[in-house]
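This report covers the interior of one protein model: enclosed space and nonpolar packing.

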Amino acid sequence: MASEESKPRLKRLRAVCERIDETFEKISDFHGFVHAGLTRLYKNKPVLTLLLAILFFVAIALFDAAVHVGVHEWYYQHHESPDQGVSPMEREQITPTQIRHLLSHGDSGYVRIWEPCTSQRAPDKGWLVVENPYYQLNINLDHSYYTIFDKVRDRDILVYNDAVSSEIDILTACDFGFADHDGDNSLAYASTALYDSDGLEYEFVYEDVAQGFLMINTRGWDTYQMEAGKGYDVEAEVMFGIFADRPYFINAVELVNLQNAGYVYPNSIKNPDEIVQSWVLIDEYRTTCMRGGDNSHYDLWGPPLLYNITTIVRSERKPWHVGSAAFSLMFPTHILLGDKIGGGVVFSLPEGRFRFDDQLGVYGDQIVGEFIVNVDKPQNALAFTVNPVNELLFFYDFEEFNTVPGYPYLMRTTCERYGLEYPGGTLDAHQWQTKRYAYVITLVDQWYDAENTRVSEATWALADASIADFYHYENRINEELVRTAPLASR
């Protein structure tokens, strides 16, 4: 264990390593830049140039493979925070006392669901705590968000921080956000974690004892309010699929436009033109990589750069935007966020009806965009965000359609490629009734193949296995989402 005096030095050394990494990444074609400089020097001093080249590239390799990695290892081993090793249940004083449901599977697999318990952040309906040997989900039934605790690595994955006076700076773990780009709504951006006044209802909807699988449905993710210019007329339900002996779970979502479904009177101010679901991750997850997607068809944004392990720097608010292209049929299948030394999280988007509903034609896009956002306040964090609705992305982006050369042609050829009827212009982001999409979220430990500087094949195999398990229950999940009506229908 490092001494108290050495901890500040260790933290500063780690910060220096991060700044060096960020500086290198800001240099476009870094190796080409160095090669050009050495070429100019070689004409006059060839021997010196060769020596400098050898020393330079050896130094870079040593920094990346030894110094940087070593500093990170020392940091995570010895630089303890006050909350290190303390579960969110203890930190939030969430103390469930009675098991409501227990599903056992095999020698050590289980799904344990506790009777809801209250705390300062959930004083009324309380917390629904769900766990298996790998993780623990804490679902706030009062304010509609959930957190993840990694039991293997003994640390939080998602961050909730409301110890600030400004609502815009509050970190909200995993919630839903609704936005009005015109600014006519008195809540220009509303989060279920802040503006859901009646919280969630839940039920156990399916159990496969033989396979060790259980489904929990939570309904009422909304900001529905009676005021004419406040809140949004959209309600979501989230289906959690929990496996007793596997380090992943299913997050399946149904969004209902309450106006278009006929549950409330039309009001354009409360019909959002952007909806997001965000997972706010701890700041240690500063590395990303992805796999899959269709890059054979060009797009306006160019090919993605993150098929190799990439450090997420803080030079941009959105260092990664809309995946491999601009609508879900072109998206990667797996997106990994992690730390080269610590663990990681894989967000896997299944193909099929939860990605694109073919019956709806060009309107069948269940996920319009995905992006990563850097968060600075009230603490450093990283948000992985998906857009089920966004009027400023591809099929819906009238601004770029009318101003960017080639945009209409791109849209038409993309429709042709995927067998869609070209609509002749952009779509109205308000003209939808129901969207259903899903992610399988996998917690991984040793995901990084340091010897080959890439994601290990075992990690991608685990992500593929999680999607295969999703397909096993896909029809049942869809049936349950279709069966239930929004709480606003009562």
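## Cavity and cores

The structure holds 1 cavity of 30 Å³ or more. A cavity here is a set of points, on a 1 Å grid over the protein atoms alone, where a 1.4 Å probe fits but cannot get out, and lining residues have an atom within 4 Å of a point. This is a predicted model, in which local features need pLDDT of at least 70 and side-chain atom pairs count only at pLDDT 80 or more, while totals for chains, interfaces and linings use all residues. Residues are numbered from 1 along each chain as its sequence is written, and side-chain values use heavy atoms, with hydrogens and water left out.

The largest cavity encloses about 50 Å³. Its lining consists of Arg219, Glu235, Ala236, Glu237, Glu254, Val256, Ala485 and Pro486. Strands β14 (234-243) and β15 (248-257) each give two or more residues to this lining, and β14 gives the most, with 3 residues. By class, the lining has 4 nonpolar, no polar and 4 charged residues.

A nonpolar core is a set of buried (under 20% relative accessible area, 1.4 Å probe, protein chains only) Ala, Val, Leu, Ile, Met, Phe, Trp, Tyr and Cys residues joined through side-chain atoms within 4.5 Å.

| Core | Size | Residues, among them |
|---|---|---|
| Largest | 96 residues | Tyr146, Trp279, Leu281 |
| Another, apart from the largest | 16 residues | Phe354, Tyr473, Ile477 |

Phe384, Phe395 and Tyr439 are also among the residues with the most contacts inside the largest core. Strand β23 (residues 381-390) gives the most to this core, with 6 residues. Trp279 touches (heavy atoms within 4.5 Å) residues including Tyr146, Leu382, Phe384 and Tyr439, not counting residues up to four places away in sequence.

Key: Buried means under 20% relative accessible area, exposed over 50%, partly exposed in between (1.4 Å probe, protein chains only). Helices (H or I, at least four residues) and strands (E, at least two) are DSSP runs, numbered from the N terminus. On a 1 Å grid over the protein atoms alone, a cavity is a set of points where a 1.4 Å probe fits but cannot get out, and a pocket is an open set with protein on both sides within 12 Å along at least five of seven lines; lining residues have an atom within 4 Å of a point. Grid points are joined across faces, edges and corners, and a volume is the space filled by probe spheres set on the points. Ala, Val, Leu, Ile, Met, Phe, Trp, Tyr, Cys and Pro count as nonpolar, Asp, Glu, Lys and Arg as charged, and the others, Gly among them, as polar.
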